[in-house]
Amino acid sequence: MKIALCVGQHTVVASVVNVLDVLHAANRHAGIDLFETCLVGDEPPPAWHGVQLLPQKGVRNLSKFDLVLLPAYRGDLDDALMDQAKIIRRLPVCLANGQRVASACSGGLLLAASGLLDGRKATTHWRLQGLAQQRFPRVEWQQSGLIERDGELLTSGGGSAALDLALALVTEQGGDELAKRVASGLLFDSRRGPQSQFFPLTPQVAVEDDLVVRTQKRLQENLRVPHRVSDLAAELHVTPRTLLRRFRAATGMSVQDFTQRLRLDGARALLDNGSIGVEEAMLAVGYEDRASFSRKFKQYFGQGPGAFRRGRAA
């Protein structure tokens, strides 16, 4: 398989190198060249901490490859779109000619700009999901997935998910056992679960409303205690209606939803090092029903608390 890795002025070096490491490790383990890789671009990008990606062929050669891969970009999206405009314009032609197109991490937004993802499922780094949805609403963005396939299009989630993308290609070309040997050699756990397990569940923004700040503090300090809005409002000397209105305006969610997310985040933190059991974590954050807790945990993190704990303890 001949693969073009498109490099530009904003390309993330690690996004390229991770893929190259996996594919060429597969070649070594297989004893044959399953993959031929080439860095494609018209201008050498600047060095990043002393490391520079040097294009081996120009953009006009994209039609010579079986798969065209858009690595992650760093910085502003519009700058990256301008930088990679020539490549983005050629992607529909590549797909029409029978070539496959893939993206790693934030590269999914560059692929979306081509229009090829409209009406299709795709993923990108979880931190970029809001921007992705805003800028490319016709794409069916999947927050949890490490990899999404839709026809001849392949997208991967954030950061190390580029390794998952490359390993998926190894599996296609060389089989499961080869992919396992490559992952083992790189000390990479491809079974680590969806990227949703890394999501922060509560808003990551500064809140200026003192009433909301005090409400959040009370909720955070007493996860095990049931919180009724009427009681909170009385403690804070406001009406329940005022509390609900200002809390939603500041956080974008209800007090009840915020409390649930706090509890689930707390349970995740307790389970993260594998030293505490599911039952203990559940009780510590105020849940009493195991089935309800497990269902909510899986809803937000993509896997049940038991599977999450086993993955951390492994």
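Is histidine 49 buried or exposed? Keep that residue in view, and remember as we go that this is a predicted model. Histidine 49 counts as exposed, because its relative accessibility is 73% and the cut-off for exposed is over 50%. You will find histidine 49 in the loop between β2 and β3. Its backbone deserves a look too: phi of histidine 49 is near 55°, a positive value in a residue other than glycine.

Another residue can be described in a similar way. Leucine 187 sits in the loop between α7 and α8 (210-221), and its phi is likewise near 55°, positive although the residue is not glycine. Leucine 187 is exposed, with a relative accessible area of 79%.

Now let us turn inward. In soluble globular proteins, nonpolar side chains tend to be buried together. Here, the largest nonpolar core has 32 residues, and those that touch the most other members are Ile3, Phe35 and Val170. Two or more residues of this core come from each of β1 (2-6), α1 (13-30), β3 (67-70), α6 (161-174) and α7 (176-185). A second core, separate from this one, has 31 residues, including Phe65, Tyr73, Leu81 and Ala132.

What does isoleucine 3 touch, leaving aside its neighbours within four places in sequence? Its contacts are Leu23, Phe35, Glu36, Thr37, Cys38, Phe65, Leu67 and Leu169. Try finding these residues around isoleucine 3 in the model.

Two of the helices that supply this core, α1 and α7, also pack against each other. Their axes are 9 Å apart and make an angle of about 115°, and α1 passes α7 in a right-handed crossing. From α1, the contact uses Val22, Ala25, Ala26, His29 and Ala30, while α7 brings Leu178, Arg181 and Val182. Sorted by class, this contact has 6 nonpolar, 1 polar and 1 charged residues.

Next come the charged side chains. Side chains of opposite charge can pair when their charged atoms come close. How many salt bridges does the structure hold? There are 15, and a few are worth visiting.

Start with lysine 86 and aspartate 42, whose side chains meet in a salt bridge at 2.8 Å, N to O. This pair links distant parts of the chain, 44 residues apart: lysine 86 belongs to helix α3 (residues 85-96), and aspartate 42 to the loop between β2 (36-40) and β3. Lysine 86 is partly exposed at 38% relative accessible area, and aspartate 42 is also partly exposed, at 42%.

A second bridge joins glutamate 279 to arginine 290, with the closest N and O atoms 3.2 Å apart. Glutamate 279 is in helix α12 (residues 278-284) and arginine 290 in helix α13 (residues 290-301), 11 residues apart. Glutamate 279 is partly exposed, with a relative accessible area of 40%, and arginine 290 is partly exposed with 39%.

In a third bridge, aspartate 231 pairs with arginine 228, and their closest N and O atoms are 3.1 Å apart. Aspartate 231 counts as partly exposed at 34% relative accessibility, whereas arginine 228 counts as exposed at 55%. Why do these two fall into separate classes? The line for exposed is drawn at over 50%, so arginine 228, at 55%, is past it, while aspartate 231, at 34%, is not.

Salt bridges can also be linked up, as our last stop shows. Arg100, Arg149, Glu152 and Glu172 are connected in a network of salt bridges.

Conventions
Residues are numbered from 1 along each chain as its sequence is written. This is a predicted model: local features need pLDDT of at least 70, side-chain atom pairs count only at pLDDT 80 or more; totals for chains, interfaces and linings use all residues. Side-chain values use heavy atoms; hydrogens and water are left out. A nonpolar core is a set of buried Ala, Val, Leu, Ile, Met, Phe, Trp, Tyr and Cys residues joined through side-chain atoms within 4.5 Å. Buried means under 20% relative accessible area, exposed over 50%, partly exposed in between (1.4 Å probe, protein chains only). Helices (H or I, at least four residues) and strands (E, at least two) are DSSP runs, numbered from the N terminus. Contact means heavy atoms within 4.5 Å. Axes are lines fitted to C-alpha atoms, for helices over the stretch in contact, and angles run from 0 to 180 degrees between N-to-C directions. A crossing is left-handed if the near helix is turned anticlockwise from the far one by less than a right angle, and right-handed if clockwise. Ala, Val, Leu, Ile, Met, Phe, Trp, Tyr, Cys and Pro count as nonpolar, Asp, Glu, Lys and Arg as charged, and the others, Gly among them, as polar. A salt bridge is a side-chain nitrogen of Lys or Arg within 4 Å of a carboxyl oxygen of Asp or Glu.
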